[in-house]
Amino acid sequence: MIGDLPGDGSDIRLVYCPFADEEEARTIARTVVREQLAACANVMAPALAICHWQGELTETAEIPVLFKTALPQSKALVARIVHLHSYDEPAVLVLPVDYCPPSFRAWVLGQTLAID
């Protein structure tokens with residue numbers, strides 16, 4: 001079973017969040033990495049968000065960011081992102097990791113929990 005392998009990533013989380021523009025995405029990404037709430041943040045290419053918002057169908061360009069963090073830091077990371085975010089209701093999604101290489105797991109944990 002995957003969860004029993006040495007590279008078990010069950011204590012690693014990916015946190016996905018779109019931002020209004022690249023400047024906001026980069027600023028918040030730098031902040032949470034500097035604060036060791038995330039080991040890494042990947043600022044991705046612009047994406048088109050199509051959704052109903054306040055009773056209207058909207059199409060908005062956004063900048064998604066994928067953060068890598070340890071499970072114990074995930075709630076604090078979400079709270080920090082929500083606090084810094086410009087949206088009234090930011091979509092901040094915490095996704096489990098079933099498996100990752102042991103060296104990557106150790107790096108994420110070391111960056112966010114100060115352990116090796």
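Partly exposed describes a residue whose relative accessible area lies between the buried range, under 20%, and the exposed range, over 50%. Keep these cut-offs in mind as you go through the views of this predicted model.

**Figure 1. The whole chain, with three helices and five strands.** Reading from the N terminus, you meet the elements in the order β-α-β-β-β-α-β-α. The C-alpha trace spans about 50 × 30 × 25 Å along its principal axes. The chain has 116 residues, and 36% of them count as buried. Take the contacts between residues with a separation of 6 or more: 75% of them join residues that are 24 or more positions apart.

**Figure 2. Proline 102, a residue of helix H3.** Helix H3 covers residues 102–113. Where does proline 102 fall on the scale from buried to exposed? Its relative accessible area is 41%, so proline 102 is partly exposed. Now look for aspartate 8: it is 94 residues away from proline 102 in the sequence, yet their C-alpha atoms are 7.2 Å apart in space.

**Figure 3. The surroundings of histidine 85.** You will find histidine 85 in the loop that links helix H2 (71–84) to strand E5 (93–96). Is this histidine buried or exposed? With a relative accessible area of 7%, histidine 85 is buried, because that value is under 20%. Two backbone atoms lie within reach of its side chain. One is the backbone oxygen of proline 18, at 2.8 Å, and the other is the backbone nitrogen of tyrosine 87, at 3.0 Å. Setting aside residues up to four places away in sequence, histidine 85 touches Cys17, Pro18, Phe19, Glu24, Ile28 and Pro90.

**Figure 4. The largest nonpolar core, a group of 16 residues.** In soluble globular proteins, nonpolar side chains tend to be buried together. Within this core, the residues with the most contacts are Val15, Phe19, Val32, Phe67, Leu77 and Ile81. Strand E1 (12–19), helix H1 (22–34), strand E4 (56–70) and helix H2 each give two or more residues to the core. Which of these elements supplies the largest share? It is H1, with four residues. For a closer look, pick out leucine 77: beyond its neighbours within four places in sequence, leucine 77 is in contact with Val15, Val32, Leu37, Ala38, Phe67 and Thr69. There is also a second, separate core of seven residues, which includes Ile12, Ala70, Val108 and Leu109.

**Figure 5. Lysine 68, a residue of strand E4.** You may wonder whereabouts this charged residue sits: is lysine 68 buried or exposed? Its relative accessibility is 12%, so lysine 68 counts as buried. Not counting residues up to four places away in sequence, lysine 68 touches Arg13, Leu14, Ala38, Ala39, Cys40, Asn42, Phe104 and Val108. Glutamate 24 is 44 residues from lysine 68 in sequence, and their C-alpha atoms are 18 Å apart in space.

**Figure 6. The largest pocket, with a volume of about 300 Å³.** Rolling a probe the size of a water molecule over the atoms shows where empty space is left. The largest pocket is lined by 13 residues, and the closest to its centre are Cys51, Trp53, Glu62, Tyr87 and Glu89. E1, strand E3 (47–53) and E4 are the elements that give two or more residues to the lining. How many of the lining residues are nonpolar, polar and charged? Eight are nonpolar, two are polar and three are charged.

**Figure 7. Two glutamines in loops, glutamine 36 and glutamine 54.** Most residues other than glycine have a negative phi, and most peptide bonds are trans. Glutamine 36 has a positive phi, near 60 degrees, although it is a residue other than glycine. The phi of glutamine 54 is positive too, at about 55 degrees. Glutamine 36 belongs to the loop between H1 and strand E2 (40–43), while glutamine 54 belongs to the loop between E3 and E4. How exposed is each one? Glutamine 36 has a relative accessible area of 39%, so it is partly exposed. Glutamine 54 reaches 65% relative accessibility and therefore counts as exposed.

Note on methods: Residues numbered from 1 in each chain as written. Predicted model: local features only at pLDDT ≥ 70, side-chain atom pairs only at ≥ 80, totals over all residues. Heavy atoms only, no water. Buried < 20%, exposed > 50% of the residue type's maximum accessible area, 1.4 Å probe, protein only. Polar contact = N/O pair within 3.5 Å; in protein donor to acceptor, adjacent residues only side chain to side chain. Contact = heavy atoms within 4.5 Å. Core = buried A, V, L, I, M, F, W, Y, C linked by side-chain atoms within 4.5 Å. 1 Å grid on protein atoms, 1.4 Å probe; cavity = no way out; pocket = protein on both sides within 12 Å on 5 of 7 lines; lining within 4 Å. Points joined across faces, edges and corners; volume = space filled by probe spheres on them. Nonpolar A, V, L, I, M, F, W, Y, C, P; charged D, E, K, R; others polar.
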